[in-house]
Amino acid sequence: MNKKLFILLIVLTMICAILLAVGCDNHNEKAPGGDNTLPSGGQDDNLSGGDGAQQEHVHTYAVEWSSDKDFHWHAATCGHDLTADKSAHTFDENSMCVICKYYSSNGFLFELNQDNASYTVKGLEMDNDNTQIVIPSTYQGKPVTGIDNYAFRHCSDLISVSIPSSIESIGSYAFDGCNALKAVYITDISSWCKINFKGSFSNPLEYAQKLYLNNKLVTDLTIPAEITKFDIYAFYNCVDLSSITVDPNNAVYRSQDNCLIEKQTDRLVLGCKNSVIPEYVKSIGSSAFEGCRELTSIEIPSGVSFIGFYAFAGCENLTKIVIPSGVKIICDGVFKNCSSLESVNIPSGVMEIGMSAFSGCASLKNVEIPAGITDIGQGAFASCVNLTKIVIPVGVTNIGALAFVNCPKLTIYCELSGMQSGWKETWNGNCEVVFDYIRD
Ligand SMILES: [Zn+2]
Ligand SMILES: [Zn+2]
C-alpha cells in the first residue's frame, strides 16, 4: 500500500510539474506583447519555479523598430519569437508614422524615379479594393510625380480618382478598362494643364468624362496666364465643357468665342460645344474637338488650310461639315465615329485621305472622292454602314487594308480597269466592286 501511494504521489507531482511548465510557456508568449517596459521577461521566468538556468535569461530587443502595414514593434534579438511595444502606427499628414517613421503606401505601389528625388505610382496593392482612390502627393518624403503606363489598367471597379498637383506625367493606357470611372478630381488647373499625357488613352477622362476642380464640375474652363504649353489630351472627352476663356495676360494663348487659340499661329487648340471658330483661324489642332459629343454644328472658316489628326473624332452629334477648299490632307481619324455626320465634302485639292478618317461615320450615304486623290488610308471608310456608292478616280495609286470593310450597302465603282499594285489585298472588305466605270 505504501509503495503504491508513493508511486501515485510521484506521478501526481510529475503531472503538476508538467502543467506548471506548460502554463509558464504560454505565459511567456503572451506577456512581452502587453508589457511596455523594455527589456522584459525576468518576471515570467520566476513563475516557472526557480529553475536557475531560465532565470538568468533576459530577453533582449532591437532598438530599431520593425513594422508592417499596420503595426510597429521591437523584435527580440535573443532568438525568441517575441515582440515588445507592438502597437498601431500613428500617421501624420504625410502618411508617416510619428513613432517608427514608417511610410504608409496607402494601398499604392510606388517606384523611386531615376532622379532619386520623386516617385511614380505603379498601381494598387493586391488587397486594395478601394473604388475611390486618392493618389498621395508625397511618398517617403518625396513628391509623387508620375502615374506609370498601365498603372490602373483593368481596375474596373474604380469610380473616382483624385490626382494631386504633384503629378507631371500620366503613362499610356494608365486607366485602360476603368469602365466604371465617373469622376476625376483635381485641385489645380495649372498643374493639370501641364501634365504630359502619353496619348488619349492615358487620360482617365477617356472614361470618367467629368473633371472636378476642387469638387466643382468643370464646365467653364479658364486657362491661367502662366500656361504656355498645352497637352492636347488634357481636356479630351470633357463633354461638359461649355465655355473656354484664357487669362488676358497669357502670352501664348487667347480665347475667342469659346475657342482656345495659339496667338502666333492662329491655330485653334481646343474647342467645346459652344465654340464658334473665328474667321482668322488658320488651322485646327489635333484632337481640338475630339469627344465633343454635344457639338451639333460648326462652321470651319474658309481660311483654314489644315485640320489635325482626330480633330473632330467622336463628335457623334455633328450632322454636317464643310471642309474649306484650301485643305490638302484629310488627316488620320479626323471624323472617326462622327456617327451622325450625313454630309461632308472633300475639296478638289485633297490628295490624301488618312487612316480611319471617316471610319464609323454610320450616317454617311454618299461621298465624292475628287480626281486629285492618290492615297486612301487604312480603314478610311470602315463601318460606314449606310454608304451606298463611292467612285475611285483613275489617279488612286494606294488604298490601305480594309479601307471599305463593314460597309454592307456599298458598291465601289472604279474608273480603272483593275486593282493597282499599291492597293492592299483587303482594300474593299467584302464590298462589290465595279471596274471600268465611266462617270456621268
Ligand atoms: Zn529571449
Ligand atoms: Zn509606426
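In the predicted model, I261 stands opposite L268 of strand β19. This pair belongs to the contact between β18 and β19 (residues 267–270), two antiparallel strands joined by three bridges. The connection between β18 and β19 is a hairpin with four residues between the strands. Within that turn, D266 adopts a positive phi of about 55°.

Strand β18 (residues 259–262) is also paired with β17 (residues 253–256), again in antiparallel orientation, and here four bridges are found. Among the residues involved, S255 has L260 of β18 as its bridge partner. β17 and β18 likewise form a hairpin, with two residues between them. An aspartate with positive phi occurs in this turn as well: the value for D257 is about 45°. Strand β18 is thus bridged both to β17 and to β19. In a regular strand, side chains alternate between the two faces of the sheet.

A separate description applies to strands β1, β2 and β3, which form an open sheet in the order β1-β2-β3 with antiparallel pairing. The edge positions are taken by β1 (66–67) and β3 (83–88); each has a single partner strand, so one side of each is left without a neighbour in the sheet. The pairing of β2 (residues 71–75) with β3 is antiparallel and comprises four bridges. One of the residues in this pairing is H74, whose bridge partner in β3 is A84.

Key
Residues are numbered from 1 along each chain as its sequence is written. Chains are lettered from A and ligands numbered from 1 in the order in which they are written. This is a predicted model: local features need pLDDT of at least 70, side-chain atom pairs count only at pLDDT 80 or more; totals for chains, interfaces and linings use all residues. Two strands pair if DSSP finds at least two bridges between them.
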